[in-house]
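Subject: Structure handover

Hello,

Here is the structure for your files. Please open it alongside the notes further down.

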Amino acid sequence: MSTADGSTSEGITPAGSTGSGPDAPLVLVTGATGYIGGRVIPELLRAGLRVRAMARHADRLDGRPWRDDVEVVEADVMDAATLADALDGVDVAYYLIHAMGGGKGFADHDRTGVQNFADAAARSGVRRIVYLGGIHPEDEELSPHMASRKEVGDVLLAGEVPAVVLRAAVILGSGSASFEVMSHLAERLPVMIAPRWVHNRIQPIAVRDVLHYLVGAARLEGAPNRTFDVGGPDVLTYAGLLRAYARVAGLRPRRIQAVPVLTPRLASHWIGLVTPVPTGIARPLVESLIHESVAAESDLRRLIPDPEGGLTGVDRAISLALTRIHELDVSTAWHSAAPAGAPSAPLPEDPQWAGGIVRGDERSRRVAATAETLWSVVEGIGGANGWYSWRLGWVARGLMDRIVGGPGLRRGRRHPQRLSVGDALDWWRVERLESGRLLRLRAEMRVPGEAWLELRVEAEADGGSRLHQRAIYHPRGLLGDAYWWAVWPFHGIVFGGMQRNIARAAEGATTSAPTARPRLTGSDPTDSGSTGSGTTFPRTSRRPDQESSS
């Protein structure tokens with residue numbers, strides 16, 4: 001069989017040989033809003049396959065560059081009745097769903113979801129299911145998350161539809177949770193006190209190589225029904241990986257001292273405090289490093305030829321990821337996928353709302369700037385640009401959120417100016433976006449209730465604009481109401497300062513340079529400033545060539 005570059009290899013059909021017309025195989029990608037799902041879709045399209053993207057909320061795929069090239073279907077693996085239409089006519093289905101940091105009962109949730117999907121795939125006549133799990137030892141007790149990921153793979157392998165279960169260790173790529181943890185630890189801590197597991201061996205793999213294997217799995221001949229370990233060319237310890245990052249990023253060598261007293265729980269809390277990755281997500285990442293994660297076999301390389309130029313080594317994978325970050329070209333990130341239930345709940349004024357008490361803070365302000373200029377400030381809010389009000393208050397609230405396991409402020413934003421529905425924005429999630437007019441954010445902070453922040457821009461007849469700002473809060477019980485009244489005295493500082501400084505930023509941009517994009521910082525030194533960002537811009541002088549899927 002031919003590979004994409006014309007060479008021959010057994011077990012894979014030529015990339016693009018089936019064409020991309022109506023007769024090309026139809027591939028379903030679940031988890032299309034997630035980190036891997038959002039990246040494998042354009043690779044499948046490039047391989048000449050027809051793609052159907054599945055999401056709980058179709059509007060969260062709006063704004064993706066490939067949106068018009070795929071079919072989008074709304075479905076949920078927890079609702080078996082929605083899966084028949086999603087799987088109708090599908091040749092290969094990618095199961096890319098897992099409850100990372102999913103809270104209590106996540107294993108039952110995962111088990112039910114994958115069983116629903118496996119049964120529906122069998123009824124629909126799907127030829128193959130492809131799943132991405134994690135490398136794990138066969139003879140050791142696994143953590144709850146690792147055990148759940150293994151169980152998902154086992155359910156698929158036991159089903160009627162043949163399954164290809166890929167197992168990977170640490171995935172190196174811009175925006176991955178593993179990369180965020182590694183980069184922030186190496187950037188911020190020249191001397192580290194670390195758990196003993198930093199000396200366990202791991203076999204990292206570049207995200208570009210993971211995508212290569214995922215796409216190749218759709219083209220495998222026959223019906224293999226088994227697991228395949230996939231890894232990069234380098235085997236090293238996690239401490240060695242941190243040192244490799246420092247070397248590639250142009251940092252001084254990092255000193256790492258392992259101690260026996262840091263449990264996975266303590267380590268994940270520490271990671272939650274010093275990196276953008278919340279404790280709930282850091283915990284399964286830490287638990288996966290307790291065991292050595294080295295590929296036990298490389299059988300898939302006999303079936304799917306290596307990518308042109310070979311597999312990507314650790315230094316090159318880090319270098320490519322840093323280039324993506326420097327170029328502001330991070331297509332998906334670990335926080336791309338929202339937790340179940342968000343953004344789905346109706347707002348209090350929606351007809352289906354039946355939520356009882358609603359609290360709110362509503363303000364409107366005339367702005368001596370065009371609606372376009374004002375909108376550019378609104379769309380650039382958060383992350384490194386800050387929230388235009390009482391910096392100390394935002395930082396303190398963000399720290400409190402991190403301590404209790406929430407996302408805090410360091411999750412940042414995917415791009416410094418552009419937003420899309422579903423994007424994470426510090427502790428918010430973009431729930432609705434009408435370009436030039438409306439930004440609605442739903443809170444994902446730890447709070448006893450549900451909260452939204454809405455910013456709306458209106459053009460006025462004289463060339464100016466008006467900024468409407470609305471905070472909405474639906475308290476959960478007595479504790480929720482007590483929380484609202486406890487923070488109510490600070491609303492004038494927080495929300496009043498935010499609206500005032502957003503207006504000043506837009507007006508300042510209009511006065512200084514009418515054609516320039518406004519400088520996205522608050523103008524009042526007492527209540528503005530950056531609150532931090534989840535995106536790192538490492539101090540590296542290297543400028544590697546930009547490549548796709550890094």
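The notes below cover one helix, one loop residue and the nonpolar cores.

This is a predicted model, in which local features need pLDDT of at least 70 and side-chain atom pairs count only at pLDDT 80 or more, while totals for chains, interfaces and linings use all residues. Residues are numbered from 1 along each chain as its sequence is written, and side-chain values use heavy atoms, with hydrogens and water left out.

Helix H1 (residues 37–46) is largely enclosed by the rest of the structure, because 7 of its 10 residues are buried. Buried means under 20% relative accessible area with a 1.4 Å probe, protein chains only; helices (H or I, at least four residues) and strands (E, at least two) are DSSP runs, numbered from the N terminus. The buried residues of H1 pack against strands S1 (26–29), S2 (50–55) and S4 (92–95) and helix H6 (207–218).

Threonine 30, in the loop between S1 and H1, is buried with a relative accessible area of 0%. Its side chain reaches the backbone oxygen of tyrosine 94 at 2.7 Å and the backbone nitrogen of leucine 96 at 2.9 Å.

The largest nonpolar core (buried Ala, Val, Leu, Ile, Met, Phe, Trp, Tyr and Cys residues joined through side-chain atoms within 4.5 Å) has 44 residues. Helix H7 (238–248) is among the elements that each supply at least two residues of this core, and H7 gives the most, with 8 residues. Apart from this core lies another of 40 residues, among them Val29, Tyr35, Val40 and Val92.

Regards

Conventions:
Buried < 20%, exposed > 50% of the residue type's maximum accessible area, 1.4 Å probe, protein only. Contact = heavy atoms within 4.5 Å. Polar contact = N/O pair within 3.5 Å; in protein donor to acceptor, adjacent residues only side chain to side chain.
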